[in-house]
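The report that follows reads one protein model from its overall fold down to selected residues. Please keep the sequence and the structure in view while reading.

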Amino acid sequence: TRHVKKMYCVGLEDRGLDLLADALIKGALASLEELFLFRNNKIGDDGMQALAGAVSKGALPQLRVLNICNNRVGNAGIMSLADALSKGALASLKLLFLQNNQIGDDGLKALALACASGALASCQKLFLNGNEIGDVGMISLAKAITPDKNGKGALDKLEELHLNFNEVGDVGMQALASALSSGALAQLTRL
């Protein structure tokens, strides 16, 4: 299993992801570059917390693609992932698929704070569509991506940001528009 580059998991629930996380901590799949947990799975916060725990301990150092869409991951799961990311986990990640979960404002706030501290610096595509994100979460993301006095904002390599089918209103969209007009996400080609 040390040379596996791509893995698809089907029918996985929290307990299964917990078992996978234990194996990852022990060095399994150390060369894995793409992990797909999106087909007929029922992964929730417990499973995501297990995966976050594994990557915070150095598992999956070469991972470039993480797809956890179409599951049941909520704020607690994303907050655990954000914590791991803020500590340097998954530094090579280029594509992060989190769409069609149950992520709300608190989850996006945690992810935005992690990004502001340098997490997901290599990320090119971020899918957050189909969640429960509102104005508060969007304002946090806008704040993280707004360039500082040195012209640097979070996620500056991002080419695609998918936010549709959330609960963002005028206030959140105004915050995002303001960040973009200040030069945030200069590489963005798709929103």
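## Overall architecture

The protein has six helices and six strands, and along the sequence these elements follow the pattern β-α-β-α-β-α-β-α-β-α-β-α. The model is a predicted one, and the values below are computed from it.

A compact globule of 191 residues would have a radius of gyration near 16 Å, and the protein agrees with this because its own value is 16 Å. Taken along the principal axes, the C-alpha atoms fill a box of roughly 45 × 30 × 25 Å. Of the 191 residues, 49% count as buried. Among the contacts with a separation of 6 or more, 91% come from residues 24 or more positions apart.

The exposed surface amounts to about 8900 Å², of which carbon and sulfur atoms supply 49%. The protein carries 19 positive and 19 negative side chains, and the centres of these two sets lie 9 Å apart.

## Helix α5 and its cover

Helix α5 spans residues 135–145, and its buried residues are Gly 137, Met 138, Ser 140, Leu 141, Ala 142, Ala 144 and Ile 145. The cover over these buried residues includes helix α4 (105–116), strand β6 (160–162) and helix α6 (170–181).

## Three asparagines

Asn 67 belongs to strand β3, which covers residues 65–67, and it counts as buried because its relative accessible area of 7% falls under the 20% cut-off. Leaving aside neighbours within four places in sequence, Asn 67 is in contact with Leu 35, Phe 36, Leu 37, Phe 38 and Phe 97. A polar atom of the Asn 67 side chain also lies 3.1 Å from the backbone nitrogen of Cys 69.

Asn 101 sits in the loop between strand β4 (95–97) and helix α4, and with a relative accessible area of 7% it is buried. Apart from neighbours within four places in sequence, Asn 101 is in contact with Ile 68, Cys 69, Asn 70, Asn 71, Arg 72, Val 73, Gly 130 and Asn 131. Two of these residues are also reached through polar atoms: the backbone oxygen of Ile 68 lies 3.0 Å from a polar atom of the Asn 101 side chain, and the side chain of Asn 101 reaches the backbone nitrogen of Arg 72 at 3.3 Å. Asn 101 and Ile 43, which are 58 residues apart in sequence, are 9.4 Å apart in space from C-alpha to C-alpha.

Asn 129 is placed in the loop between strand β5 and helix α5, where it counts as buried at 13% relative accessibility. Leaving out neighbours within four places in sequence, Asn 129 is in contact with Gln 99, Asn 100, His 162, Leu 163, Asn 164, Phe 165 and Asn 166.

The polar contacts made by the side chains of Asn 67 and Asn 101 are set side by side below.

| Side chain | Backbone partner | Distance |
|---|---|---|
| Asn 67 | nitrogen of Cys 69 | 3.1 Å |
| Asn 101 | oxygen of Ile 68 | 3.0 Å |
| Asn 101 | nitrogen of Arg 72 | 3.3 Å |

## Two residues with positive phi

Most residues other than glycine have a negative phi. Which residue in the loop between α4 and β5 (125–127) is of interest here? Leu 120 is found in that loop, and although it is not a glycine, its phi is positive at about 60°. Leu 120 counts as buried, because its relative accessibility is 4%.

Phe 165, a residue other than glycine, likewise has a positive phi, near 60°, and its place is in the loop between β6 and α6. Is Phe 165 buried or exposed? With a relative accessible area of 69%, Phe 165 is exposed, since the value is over the 50% cut-off. Phe 165 is also one of the residues in contact with Asn 129.

## A residue of helix α1

Ala 23 is found in helix α1, which runs over residues 14–25, and it counts as partly exposed because its relative accessibility is 30%, a value between the cut-offs of 20% and 50%. The C-alpha atoms of Ala 23 and Arg 72 are separated by 22 Å, and the two residues stand 49 apart along the chain. Arg 72 is also among the residues in contact with Asn 101.

Key:
Residues numbered from 1 in each chain as written. Predicted model: local features only at pLDDT ≥ 70, side-chain atom pairs only at ≥ 80, totals over all residues. Heavy atoms only, no water. Helix = DSSP H or I, 4+ residues; strand = E, 2+ residues; numbered from the N terminus. Buried < 20%, exposed > 50% of the residue type's maximum accessible area, 1.4 Å probe, protein only. Polar contact = N/O pair within 3.5 Å; in protein donor to acceptor, adjacent residues only side chain to side chain. Contact = heavy atoms within 4.5 Å. Rg over C-alpha atoms; globule rule 2.2 N^0.38 Å. Areas by Shrake-Rupley, 256 points an atom, 1.4 Å probe, with all protein chains shown as cover. Lys, Arg positive; Asp, Glu negative; His and termini not counted. Charge placed at Lys NZ, Arg CZ, Asp CG, Glu CD.
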